[in-house]
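Here are some short exercises to help you find your way around. Try each task by yourself, then read through the solution.

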Amino acid sequence: MPMILSHPRTSNFSLGRILNSVVCYLAGVMWFMGLAFEPFTLRTYMSENAMGSTMVEEHFPAGERALATGREFAAHKKKIGGMPVDWLVKTMESQGLEVFTQSFTRKLPFPDENKERYMVRGTNVYGILRAPRASRTEALVLSAPCSEGNSNNQAVGLLLGLARYFRSQVYWAKDIIFLVNEHDLIGMQAWLEGYHHTNTTGGDWSPLQGRGGSIQAALSLELSSDVITSLDLVLEGLNGQLPNLDLANLFHAFCQKIGVLCTIQGKLQRNDWESTSGYSHAAQTMMLMVLKQASGRAWGDHGLFLRYHIEAATIRGVNSFRQYKTDATTVGRLLEGMYRKLNNLLERLHQSYFFYLMPSLTRFVSIGYYMPAFGLLAGILLLRALDLWVQLGASAPGTEDGLAEREQASSPGVLSLLTPVVISHLTGVALYTLPIRSQEMAVQHFPVSETEAVVLTAIAIYTAGLALPHNTHRLLQGEGTEQGWRVLKLAALLYLAVLLGCTALINFSLGFILALSLVPIAAFITPHSPKYPSAVAMVLLSPGCTLLYCVFLFQELQEIPVSLHDGWMLFLSVISQGILDHSLYGSLVYPLLALLVYPCWLLLWNILFWK
């Protein structure tokens, strides 16, 4: 048999491909980190003409009365051990609102140990202030969740105070809906589904007896203290959706006008952009937004409005900066000004950006600036796929010395390629379906709770996928071919490129984080790589480990570092919360990871152990 010696140009070409991939990867990471630098950002500005001018005089005088109402609400809530529905109905009716209630029931797929609930029953109370100067075809919503304990009582008091004040004004051209929802997102989900006559999550709720017009915008208010030092703006919604940037601009404009300290991601604004500390502060703020958006969860009640194309945000009172103080009257003036501006809208907010990142409230990064960072990473997959295509084309069967017969014998069979693809996706289906379906069986045979059974089953199935190559080889009862793994890797590269591209278009942050971890192993893994170092690297860059890193990074960026044990427990809590968010609200992160991303990683794992 003649010996085939590799030409020096071949090794140089391989080295060149590796260097090109490394350069593209580093360029993508550096591009992303550079987005927090001032030359890469744009200054925020108001795009909607109806809200451009701030010539509005705010006259909300009843801050102290609102706090007194909040304390009265807290007393009634403590007395009955839950939401004082009758008191809320009576109070809203005395203010001249059309008041309605909605009862709802929701059984969780497994107990939520974070909030100690399994069967959730509650009642939403809402009052409608009819527009005196229009045909009542449009509406605005102001909501305040009725939380357990002493949380958010002040927000309910301020909501009732604003309802009383708004009732005395005659300039409203839109219905104003004042909503107090119970059990946070579960109650808000029931109310929104009842308002829009949909039921996408299987909840049980009573139909709404009263409705306003088409909702144009909404704000959710969260205040947990009589003393407010700053107002934090929360934008991240379900599945990474963000409201129109003009809503954030409106909030910042009124904070600047009234003199209220405002923050985003809980961090103060800084003006020293050119300094190292200023850039570090902006980068941390932007990365916090990326991690929150990538989680796919709604970080406030506003997050569920976005799925109905309603621009919404949560305004959260913070009591952390002792040198500042904002009273309830000032917060009421700010909300009144924002609603008067939203009342002027002739159409939905649409002129500004829907895809953006914010290193601060005064600067933003548009989609045209951050997408190249992802493109540089995804381009590595396409270049490697093109390289494999060329290699497969160059190894066409010859006609001399029986090479045709040998090449034909070594060509990959359909079964050898289809089997790992099918097994990988069946493993993903098991990861998606079995944790909830098998919880009762696990509780019967092991000393664990239902929640622990769901999480541990998910981890067990995830870990069992590491045995996929061995099972595949046993099923095939034979060895793979050299061309076989190349064809399988070509399919995996194209699969991953399309998957990450579609994810980044919907949720850029999630797509970019997955690309950071999956692109290196997808580009360089082969059966000829050193087995044990490559296997360790693949496990460390797997989707599960990436989630673990994000948990620790999120705590560090919030300046709340945790120990390894606490971080691991928080990681388990994040897994259970992700499964719950999918079942309750329709979050897409868990099915995306289980049904698509994890099987794609298993294909690469199978390539490493190809025989």
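**Exercise 1.** Work out which residues Asn249 is in contact with, leaving aside its neighbours within four places in sequence, and decide whether Asn249 is buried or exposed.

*Solution.* Keep in mind that you're looking at a predicted model. Start by placing the residue: Asn249 sits in helix H6, residues 245-258. Next, skip the neighbours within four places in sequence and list what remains: Asn249 is in contact with Thr44, Tyr45, Met46 and Ser352. Finally, check the accessibility. Asn249 has a relative accessibility of 6%, and buried means under 20%, so Asn249 counts as buried.

**Exercise 2.** Do the same for Ser542: find its place in the chain, its contacts and its degree of burial.

*Solution.* Ser542 belongs to the loop between helix H17 (531-540) and helix H18 (543-557). You might wonder whether a loop residue like this one is buried or exposed. Its relative accessible area is 2%, which is under the 20% limit, so Ser542 is buried. Now for its company: with neighbours within four places in sequence left aside, Ser542 is in contact with Tyr462 and Trp601. Look at Tyr462 again, as its side chain makes a polar contact with the side chain of Ser542, at 3.1 Å.

**Exercise 3.** Trace the open sheet of 9 strands and name the strands at its edges.

*Solution.* Step one is the order. Reading across the sheet, you get S6-S2-S3-S5-S4-S7-S10-S8-S9, and the pairing is mixed. Step two is the edges. Strand S6 (204-205) and strand S9 (262-264) each have a single partner strand, so one side of each has no neighbour in the sheet. Step three is a look at the S6 end: strand S2 (residues 98-112) pairs with S6 in the antiparallel sense, over 2 bridges. Here Thr105 stands opposite Asp204 in S6.

**Exercise 4.** Describe the pairing of strand S8 on both sides, and say how its two faces are covered.

*Solution.* Take one partner at a time. With strand S10 (residues 311-318), S8 runs antiparallel and is joined by 5 bridges; Val234 has Thr314 in S10 as its bridge partner. With S9, S8 runs parallel and is joined by 3 bridges; Asp232 has Thr263 in S9 as its bridge partner. Now turn to the faces. Ser230, Asp232 and Val234 lie on one side, Leu231 and Leu233 on the other, and all are buried. That fits the count for the strand, residues 230-234: 5 of its 5 residues are buried.

**Exercise 5.** Check whether the length of helix H4 agrees with what its residue count predicts, then see what H4 lies across.

*Solution.* Helix H4 covers residues 153-167, which is 15 residues. At 1.5 Å a residue, H4 should span 21 Å. The C-alpha atoms at its ends are 22 Å apart, which agrees. As for its surroundings, H4 lies across strand S3 (117-129), strand S4 (138-146), strand S5 (175-182) and strand S7 (214-222), and runs at about 160° to S5. H4 is mostly covered too, with 13 of its 15 residues buried.

**Exercise 6.** Build up the picture of the open sheet of 3 strands and the helix that lies across it.

*Solution.* The order is S1-S12-S11, with antiparallel pairing. At the edges are strand S1 (42-43) and strand S11 (356-360), each of which pairs on one side only. S11 and strand S12 (residues 363-366) are joined by 3 bridges, and they form a hairpin with 2 residues between them. Within that pair, Leu357 has Val365 in S12 as its bridge partner. Of the residues in S11, 5 of 5 are buried. Now add helix H9 (residues 367-394), which lies across S1, S11 and S12 at about 55° to S12.

**Exercise 7.** Find out how many disulfides the whole structure has, and explain why Cys24 and Cys545 form no such bond.

*Solution.* A search of the whole structure finds 0 disulfides. For Cys24, the closest cysteine sulfur is in Cys600, 19 Å away, which is too far for a bond. For Cys545, the closest cysteine sulfur is in Cys550, at 11 Å, again too far for a bond.

Definitions and conventions:
Residues are numbered from 1 along each chain as its sequence is written. This is a predicted model: local features need pLDDT of at least 70, side-chain atom pairs count only at pLDDT 80 or more; totals for chains, interfaces and linings use all residues. Side-chain values use heavy atoms; hydrogens and water are left out. Helices (H or I, at least four residues) and strands (E, at least two) are DSSP runs, numbered from the N terminus. The expected span of a helix is 1.5 Å times one less than its number of residues. Buried means under 20% relative accessible area, exposed over 50%, partly exposed in between (1.4 Å probe, protein chains only). A polar contact is a pair of N or O atoms within 3.5 Å; within protein, one must be able to donate a hydrogen and the other to accept it, and residues adjacent in sequence count only if both atoms are side-chain atoms. Contact means heavy atoms within 4.5 Å. Two strands pair if DSSP finds at least two bridges between them. Axes are lines fitted to C-alpha atoms, for helices over the stretch in contact, and angles run from 0 to 180 degrees between N-to-C directions. A disulfide is a pair of cysteine sulfur atoms within 2.5 Å.
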